Amino acid sequence: MDQTRDLIKKQNFNAAYSYYQVTRNFISELESLDDEYLNRRAEDLKMLSDMVLKSLLGDEKVTSKVNNPSIVIAEKIDPSQIAEINQTNLLGIITTEGGVTDHSSIIAKALGIPYMLGVKNVVNIVRNGDKIILDSKNKCIHINPEKEISQKFEKEILKEKSINKNQLIKSKYEAITNSGKKVDIMANVGSLDDAVQAKRFGADGIGLLRTELCFLESYKMPDEKSQLELYSKILNNLPEKTHTLRLIDFGSDKKVSYLPLQNEENPALGQRALRLGFSYYDTLLKPQIRAFLKLSKDFNIKILCPMITNSNDLDKIITAIHKEQKELNQQGEVIEKLPPIGIMVEVPNVALNPNDFISKADFFSFGTNDLAQFLMAADRTNKNVSHYIESGNQSVLKLIRNFALEVISKKKEISICGELASNINYLNEFIDIGISSLSMPPMLIPKIKEEIRSLK
Ligand code: PEP
Ligand code: MG
């Protein structure tokens, strides 16, 4: 208490921040001791400290405090917290925890916000008001750098801007290799702003609309009418293209206050996506399916089903979509033809058994983020095991190749919409496999199109 009071009086820090600093120091001390029993007490202290902090902060959102252009430093940041921050003030994010393919990383990437995770002890080292250079390319941060270092980076930024400008000019044209192979380069979108970016960066369509990300900030699940309005606005950015809209994929690291998600031990393997959708069918799936079907009258859309695990899952969702079509028609809507219905290939059981799904699904989209986490038994939100995910790329590719051998001969399309899609090391291989489209954060599209144009 004395140290906390001191910080408040002498440094003018607020109570929560001061208390946090003081307890963090004690926690670090305990963690560094060479005694397992005392190390564990760090956990106790952390829990107590969190309780006091919660009580000091009440319901106030820390994120609403980002009032000036800032780099946000935190132990951990949730997708919903990023969504809450006024984006114009968010210059970068540095955290201790997190995973390279978790949804906070995905959202930051889509927003073009540099994000570095796994920076040990950063909350204790950096002080409010410090000047920071976040060099995510070299995985390095500079705190209060010398003038020469700042100047070097300013030059680097200018150079990068000029390369980006050149790539942007050409990005509205198709991506075709020198031998004439064409790949659609699509956008991963999770908000109206992302859709605006998709158009700006020359996307050939939306390859993955993560609908759940559009509702992270809502206080309740939007009804059919508001969903229809939002999706129309999103698609109207590229009205002539074909877009893939994914049914809701809440759960795991995408939590919202209006869903009574249970505290599961392994949420990535629990009640998420359609599993959750069917538990709350009338509020989650029904209005969304109806909105998609109405939308299909005005736009070229495909419906993508997340986390399909076995053919029963697929049967169940296809039946539900048919049921909603029938009901809409009975209500006078006239929806004659259903949009193509495809599945995410993100559960190893699906990746290993293409023949169970070929006759039922119209297209396939590889979700390499979840697929890699399940394949490598490595939580995608946990930085301590992220090296496993990275070391699994060749195994994921093997699964894609084997799947494609079965599927492409039956004239069904395969795309990739996980983070692997924008990894330039594998573009050649994707094309060789016969992948028809790659979907990625809008900002990366110009660069990837340029890379494809340089391939044989
Ligand atoms: C994936 O799992 O690869 C994917 C594209 O979906 P999400 O990242 O939203 O889980
Ligand atoms: Mg997924």
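1. Let's start at the binding site: ligand 1 is surrounded by 16 residues, counted as near if one of their heavy atoms lies within 4 Å of it. The closest are His103, Arg210, Arg246, Asn369 and Arg380. By class, this shell holds 4 nonpolar, 5 polar and 7 charged residues, with Asp, Glu, Lys and Arg counting as charged and Gly among the polar ones.

2. A word on the basis: this is a predicted model, where local features need pLDDT of at least 70, side-chain atom pairs count only at pLDDT 80 or more, and totals for chains, interfaces and linings use all residues. Residues are numbered from 1 along each chain, chains are lettered from A and ligands numbered from 1 as written, and side-chain values use heavy atoms, without hydrogens and water.

3. Now the polar contacts (pairs of N or O atoms within 3.5 Å). Oxygen atoms of ligand 1 lie 2.7 Å from a polar side-chain atom of Arg210, 2.7 Å from a side-chain N or O atom of Arg380 and 3.3 Å from a polar backbone atom of Gly367. Of the 290 Å² that ligand 1 exposes when taken alone, the protein buries 100% (Shrake-Rupley method, 1.4 Å probe).

4. Which elements give two or more residues to the shell around ligand 1? They are helix H5 (103-111), strand S8 (206-210) and helix H15 (368-375); H15 gives the largest share, 3 residues. Helices (at least four residues) and strands (at least two) are DSSP runs.

5. Finally, the automatic or database assignment gives domain 1 (2-60), domain 2 (63-164) and domain 3 (172-453).

How values were computed:
Polar contact = N/O pair within 3.5 Å; in protein donor to acceptor, adjacent residues only side chain to side chain.
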